[in-house]
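I opened the notebook to look up how the chains meet, and then what stands out within each of them. The entries follow the order in which I checked things.

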Amino acid sequence: MAKSFEELQSIATQVRRDILRMVCKANSGHPGGSMSSTDVLTYLYFNQMKHNPATWTREGKGQDMFILSAGHMTPVYYSLLARTGYIPVDELATFRQMGTRLQGHPSVRKNLPGVFQASGSLGQGLSAAAGAALGKKLDGENNFVYCLCGDGESEEGQIWEAGMFAAHHKLDNLIAMTDWNGKQIDGNVDDVAGMGDLAAKWEAWGWNVIVADGHDFQSIAQAFELAAAGKGSGKPTMILFKTEMGHGVDFMAGTHKYHGSVPKPEQLEDALKQLGETPLGDF
Amino acid sequence: MKKYTDTGKKDTRSGFGAGLLEAGRANKNVVALTADLKGSLKMDAFAAEFPERFIQCGIAEANMIGAAAGLALTGKVPFVGSFAEFVTGRVYDQIRQEVSYGNTNVKIASSHAGITLGEDGATHQTMEDMALMRALPGMVVINPCDYNQTKQATLAAAKYVGPVYLRFGRPGVPNFTDENEPFVIGKAIVMNEGKDVTLIATGHTVWEALQAAEALEADGISAEVIDIATIKPLDEEAIVASVQKTGCVVVAEEHNAFGGLGEAVAGVLAAKCPKPVEFVNGGDRFGQSGTPSALMAAYGLDAPHIAEAAKKAISRK
């Protein structure tokens, strides 16, 4: 059942708490992009995707699929898999520990439900999502395939190969999202390898392009509604979600510093206080 | 000694094309992808009969590997085809993550492998591909020797569940194996029994090894010839049993000196049956332009070189 924006806000807060507590416990991981994409993925998992954790299989028959192309965003991914019932919430404590199903980057070799494909080496997930979308079309299925890319990740040439492929094969059941936070590990995307007008680039490849505020549930909801309406247009959809790296905690927000490093213990306490507690409770 | 007859030169890639068509008829989930090399990969017949299941990817191999993995997720059995270099070295990381680590049911159809690609020269002639694919955990590596075996290997790959690297070539070569012999992945094929030396070969060098065995027989040397069509998993038992009997071995492959069949066999024998090993391969070199047969001779991969290596191996017993 769809959640109200208020409920989603509370869940997203809990997801951000999970992200921070996971990376701090593991003393490693990628909180920055996880926190910028939290609201978008919370909406996707709770209100948008047609999926059922109880009947999940890797083939994804009769269900929507999600592929995390930016594979380092595992903290937000695993938190949502836990909060939607794919895995026990307490398992989040095993993130990045020896023997865990919750590998640093998504693995399909640990029997982790909800994960369709390995990712981590950047630029590849969109191709896999396009292939899965084509597979669903060949089978006459109506479900969507969703894929989340990073804006930094889009420096990879393969992203643009996938752009060409998905448009050429008219994959209007593919909804890609870019977590457009403007940051990557070495700094601002514009300083590292500026890509110019992302929206114009995707439009030029023949995609439906939607620009939305990735921290406003109203805007997120409208974007997904528009994207789903693109079915039948013969065009794949790219939603460019304007976001802020490290969103939700003042000292982490808007800096690339926490792309791939974690707060100190006293900073964690401060961050959790800023976020506040939720009825869902911590793992 | 069993004599093999060349029933007429055929390219192994056409064996792949014929196998793909038959696999497509047997299983509606078989799909084929190529990066602008439909004709070279002999996918035309499949594309004509199953237009919806033929997926043209354009000259974008990295995306093609990922798209194949995505198709495999939904239950399809994708064959991705291009020249050997462009479906290995060019996309090694994509294969590693999307196919091997991702454990997707993707079949990599690798044509124009080795030096016999010929006139296009070194940029297109990979002699490193088997090393790259062997190194990937769980990857099955198959290098059939003629048209008939390539067709059967394609059918076997379509039935096998898991990543497969299927390597074949461009030029017309002798077609001499039984067209009805089913291909068994992981099984060595003893082509000829002998007692003085074992000749282990794969792909195009199998015919050369058979010719070498005939020449050696004329010199009074009895050579056992083994076709290792599956490089990985390697039929260690068959190799050890043969070399225990003959006491020495030559390993011939259309690949360079590193990481291919030669090192694989040497590794097994070092651990289980240390005997003299001689290597027939492309060495530490790139290829160059030339006709396939001229290149096979120039790079020391033909029958006379295998026979010479056999005598050297015997002398080291």
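I counted a salt bridge where a side-chain nitrogen of Lys or Arg lies within 4 Å of a carboxyl oxygen of Asp or Glu. The model is predicted, so I noted that local features need pLDDT of at least 70 and side-chain atom pairs pLDDT 80 or more, while totals for chains, interfaces and linings use all residues. Residues are numbered from 1 along each chain as its sequence is written, chains are lettered from A and ligands numbered from 1 in the order written, and side-chain values use heavy atoms, with hydrogens and water left out.

Entry: the interface.
I looked first for charged pairs between chain A and chain B and found 1 salt bridge across their interface. In this salt bridge the side chains of A:D139 and B:K76 meet at 2.5 Å, N to O. I also found 19 residue pairs in polar contact across the interface, both residues at pLDDT 80 or more. A polar contact is a pair of N or O atoms within 3.5 Å; within protein, one must be able to donate a hydrogen and the other to accept it, and residues adjacent in sequence count only if both atoms are side-chain atoms.

On the side of chain A that touches chain B, the elements giving two or more residues are β1 (65-68), α5 (125-138) and α6 (157-168). I took helices (H or I, at least four residues) and strands (E, at least two) as DSSP runs, numbered from the N terminus. The largest share of that side, 9 residues, comes from α5(A).

By contact (heavy atoms within 4.5 Å), 32 residues of chain A meet 28 residues of chain B. I then noted that A:R109, A:Q124 and A:L138 supply 23% of the area that chain A buries against chain B, more than any other three residues. Buried area here is the accessible area (1.4 Å probe) that two parts lose on being put together, summed over both. Between chain A and chain B it is about 2,400 Å², and carbon and sulfur atoms give 52% of it.

Entry: salt bridges overall.
Over all chains I found 24 salt bridges. One of the pairs I looked up is B:K3 with B:E217, whose closest N and O atoms are 3.3 Å apart. B:K3 lies in the segment before β1 (10-11) of chain B and B:E217 in helix α7 (205-218) of chain B, so the pair ties together parts 214 residues apart in sequence.

Entry: backbone.
Most residues other than glycine have a negative phi, and most peptide bonds are trans. I noted that A:R96, not a glycine, has a positive phi of about 65°. The peptide bond from B:K232 to B:P233 is cis, with omega near 0°.
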